[in-house]
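Trainee: I would like to go through this model step by step. Please show it first.

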Amino acid sequence: MKARPLVLSAAVLTMAISAATGQSTSPKVTERQQDMKAMAGAAKTIDAMFKGSSPYNSKDFKAAAETIRTYSGERLAALFEAPVVSGGSKASDSIEADRPTFDRLAAELGAYASVLSVAADRNPDVLGPDMRMKGGDATMGGPLAKRKAAAPDPMSMPAEHAFHTMLQVCTSCHAKFRVKSE
């Protein structure tokens, strides 16, 4: 019940900002923005559990992971089909120019979210040591970094490592495909 007024408020705010700036926001852009906000909120939920600022709850952890998984992959890629650039959007036309990279990052986001979802199922009571990063689980520069070896299989890494790598996917995608604020 509470989510509906929040979504409505966000849509009204987006329309008000667009009207004030003389831009009209398309329904596709509004949907993209809502999905991105949902994924950001889900990531904050997981982050709080890893940091210990929120108690671990496997159902909430899994729900957050599933939110990210649902809004990533093919759904995310479809929301950024041409024309990408539109009023009220921060998406860059470089998405159209480098579609394979964008689609790969969208798919990787979903793969890492799946790892988190499975980890929640495997750890119903406690955020155990097998979910934590180990000393050698360095992140190696992010998804767009040049690699000497193939990227590790997401299912073979601890959930915390998958989470940090997933956040690097978000950062890399925004760095490459989001218009820089002035």
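Trainee: What percentage of the 182 residues count as buried?
Mentor: This is a predicted model. A residue is counted as buried when its relative accessible area is under 20%. By that cut-off, the buried part of the chain is 37%.

Trainee: Which pattern does the chain follow along the sequence?
Mentor: The chain has seven helices and zero strands. Read along the sequence, the pattern is therefore written with helix symbols alone: α-α-α-α-α-α-α.

Trainee: What share of the contacts with a separation of 6 or more is between residues 24 or more positions apart?
Mentor: A contact here requires heavy atoms within 4.5 Å. Among contacts in the chain with a separation of 6 or more, residues 24 or more positions apart account for 77%.

Trainee: Which helix supplies the largest share of the largest nonpolar core?
Mentor: That core has 37 residues, and Ile46, Phe61, Ile68, Phe80, Leu116 and Met166 touch the most other members. At least two core residues come from each of helix 2 (27-51), helix 3 (58-71), helix 4 (73-79), helix 6 (99-122) and helix 7 (159-177). The largest share is ten residues, supplied by helix 6.

Trainee: Which residues does phenylalanine 61 touch, leaving out those up to four places away in sequence?
Mentor: Phe61 is among the core residues that touch the most other members. With sequence neighbours up to four places away left out, its partners are Ile46, Met49, Phe50, Tyr56, Leu116, Ala120 and Met131.

Trainee: Where does proline 83 lie, and what is the omega of the peptide bond from alanine 82?
Mentor: Proline 83 is in the loop between helix 4 and helix 5 (94-97). The peptide bond from alanine 82 to proline 83 is cis, and its omega is near -5°.

Notes:
Residues are numbered from 1 along each chain as its sequence is written. This is a predicted model: local features need pLDDT of at least 70, side-chain atom pairs count only at pLDDT 80 or more; totals for chains, interfaces and linings use all residues. Side-chain values use heavy atoms; hydrogens and water are left out. Helices (H or I, at least four residues) and strands (E, at least two) are DSSP runs, numbered from the N terminus. Buried means under 20% relative accessible area, exposed over 50%, partly exposed in between (1.4 Å probe, protein chains only). A nonpolar core is a set of buried Ala, Val, Leu, Ile, Met, Phe, Trp, Tyr and Cys residues joined through side-chain atoms within 4.5 Å.
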